[in-house]
Amino acid sequence: MLRIHFTDGDLARVQLAREPDPVWETLLGLHQLTAPRRGLPVFAPWRRKARARLAEDHLAAPVRMLSALAPASAGYWPDFLTPGASADGLEAALEALQATPQLQLRQEMNRLADTHPLPRWAGGLARGERNRMEEVATAFRLVHRTIITPVWTGTARTTEADRALRTRVLHDRGVHGLLDSFRPLMDWRPPVLHVRYPEDRDVHLGGRGVRLISSHFCWNTPIALADPTLPQVLAYPVAHPPAWAPAVTRDRRPEALATLLGRTRARVLAALDTTATTGELAQRLNISASSASEHIAALREVNLTHSQRAGAQVIHTLTPLGTALLQGELPPHPRPSD
């Protein structure tokens with residue numbers, strides 16, 4: 001269990017990441033490719049394509065480098081790999097990575113060496129050799145470009161659905177409501193957020209706040225920085241449709257959508273381009289609450305909408321598949337899991 005202790009100052013400094021984080025998604029996506037256990041079925045179509053692209057571009061060496069620094073099988077990786085500057089994009093993150101203070105670099109690499117054997121080049125990295133840091137930055141660029149960039153739009157849709165929900169809860173119920181909305185993944189018992197975690201530890205924010213990062217490739221449990229003295233982030237998994245896959249662009253045909261779903265049900269889908277409760281949806285469309293509830297339930301059954309309770313309310317959002325259908329960008333039919 002991870003226990004994150006908040007002060008009043010921390011509650012005023014809770015942030016929601018505005019988009020997927022490029023370095024977290026790169027490392028966590030790489031874990032989906034290199035984990036020793038059987039890969040998660042939801043990522044099977046993406047995994048096949050990502051492995052093919054890595055092989056086609058001859059990127060085994062960059063994959064080995066990042067996997068040695070952030071192994072899927074270990075419970076620790078150095079915090080310098082996920083700098084706070086990643087909130088401003090990949091290049092800002094890599095610039096911060098290459099500027100990691102020597103003391104932090106040496107301490108974190110020594111801690112990593114205690115978890116598993118490292119290749120010989122890691123010694124030069126621990127000493128802050130410039131060419132080694134540049135090699136790590138280049139590996140990040142190549143792997144990100146190859147396995148993350150092609151699915152960035154789909155990744156952003158998945159995380160944006162979660163962000164829309166959290167933003168709505170934050171607006172309606174404040175920070176306490178936001179932190180409480182993460183159940184059962186996290187348990188908010190003020191002033192401590194209890195997070196399911198593979199180790200038992202406490203983090204005292206001490207007025208620094210925390211950045212909450214919804215992650216497409218994170219799975220099962222959230223992930224925090226290992227060093228409790230750093231500005232804190234918490235990457236957490238989001239809900240995925242059962243058969244997530246990269247989207248293929250098609251022409252948008254609203255008339256065909258109405259024919260497929262029925263006119264009212266198509267209007268319900270379109271009205272959920274922003275989050276809504278059942279009552280709000282009924283008001284938007286001038287239909288009864290019972291009719292709105294019936295249509296939402298039907299759309300939810302085919303994975304076009306997602307409903308989640310937040311306190312006394314149930315908030316409805318589009319799933320990535322629902323967004324893709326509404327915008328005329330449908331995923332291909334998934335192949336069987338590998």
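**Exercise 1. Val151**

Task: In this predicted model, state where Val151 is found and decide whether Val151 is buried or exposed.

Solution.
- Step 1. Place the residue: Val151 sits in the loop between H8 and helix H9 (152-180).
- Step 2. Apply the cut-off: a residue is buried when its relative accessible area is under 20%.
- Step 3. Val151 has 3% relative accessibility, so Val151 counts as buried.
- Step 4. Look for a partner remote in sequence: Trp46 is 105 residues apart from Val151 along the chain, and their C-alpha atoms are separated by 8.2 Å.

**Exercise 2. The protein as a whole**

Task: Find how many helices and strands the protein has, and what percentage of its residues is buried.

Solution.
- Step 1. The count is 14 helices and 13 strands.
- Step 2. Of the 338 residues in the protein, 51% are buried.
- Step 3. For contacts with a separation of 6 or more, 71% are between residues 24 or more positions apart.

**Exercise 3. Helices H2 and H8**

Task: Describe how helix H2 (residues 22-34) packs on helix H8 (residues 130-148).

Solution.
- Step 1. Take the geometry: the angle is about 70° and the axes are 10 Å apart.
- Step 2. Classify the angle: the range from 65 to 115 degrees counts as roughly perpendicular, so H2 is roughly perpendicular to H8.
- Step 3. Give the hand: H2 and H8 make a left-handed crossing.
- Step 4. List the residues that meet: H2 contributes Pro22, Val23, Glu25, Thr26, Leu27, Gly29, Leu30 and Leu33, and H8 contributes Phe140, Val143, His144, Ile147 and Ile148.
- Step 5. Sort them by class: the contact has 9 nonpolar, 3 polar and 1 charged residues.

**Exercise 4. A four-stranded sheet**

Task: Work out the strand order of the open sheet of 4 strands and name its edge strands.

Solution.
- Step 1. The order is S3-S4-S1-S5, and the pairing is mixed.
- Step 2. Strand S3 (186-189) and strand S5 (201-204) are the edges, since each pairs on one side only.
- Step 3. From one strand to the next, the twist averages 20°.
- Step 4. Examine one pair: strand S1 (residues 2-5) and S5 run in the parallel sense, with 4 bridges.
- Step 5. Within this pair, Arg3 is opposite Asp202 in S5.

**Exercise 5. The S11-S12 hairpin**

Task: Establish how strand S11 (residues 305-310) is joined to strand S12 (residues 313-318), and what lies in the turn.

Solution.
- Step 1. The two strands are antiparallel and share 6 bridges.
- Step 2. Arg309 faces Val314 in S12 across the pair.
- Step 3. The hairpin leaves 2 residues between the strands, and Gly311 in the turn has a positive phi of about 70°.

**Exercise 6. Backbone exceptions**

Task: Locate the cis peptide bonds at Pro184 and Pro191, then the positive phi values of His58 and Asn220.

Solution.
- Step 1. The bond from Arg183 to Pro184 is cis, with omega near 0°; Pro184 is in the loop between H9 and S3.
- Step 2. The bond from Pro190 to Pro191 is also cis, with omega near 5°; Pro191 belongs to the loop between S3 and strand S4 (192-195).
- Step 3. His58, a residue other than glycine, has phi near 55°. His58 is in the loop between helix H3 (44-56) and helix H4 (60-69).
- Step 4. The cut-off for exposed is over 50%; His58 has a relative accessible area of 69%, so His58 is exposed.
- Step 5. Asn220 is not a glycine either, and its phi is positive at about 80°. Asn220 is in the loop between strand S6 (210-215) and strand S7 (223-224).

Definitions and conventions
Residues are numbered from 1 along each chain as its sequence is written. This is a predicted model: local features need pLDDT of at least 70, side-chain atom pairs count only at pLDDT 80 or more; totals for chains, interfaces and linings use all residues. Side-chain values use heavy atoms; hydrogens and water are left out. Axes are lines fitted to C-alpha atoms, for helices over the stretch in contact, and angles run from 0 to 180 degrees between N-to-C directions. Angles under 35 degrees count as roughly parallel, over 145 as roughly antiparallel, 65 to 115 as roughly perpendicular and the rest as oblique. A crossing is left-handed if the near helix is turned anticlockwise from the far one by less than a right angle, and right-handed if clockwise. Contact means heavy atoms within 4.5 Å. Ala, Val, Leu, Ile, Met, Phe, Trp, Tyr, Cys and Pro count as nonpolar, Asp, Glu, Lys and Arg as charged, and the others, Gly among them, as polar. Two strands pair if DSSP finds at least two bridges between them. Buried means under 20% relative accessible area, exposed over 50%, partly exposed in between (1.4 Å probe, protein chains only).
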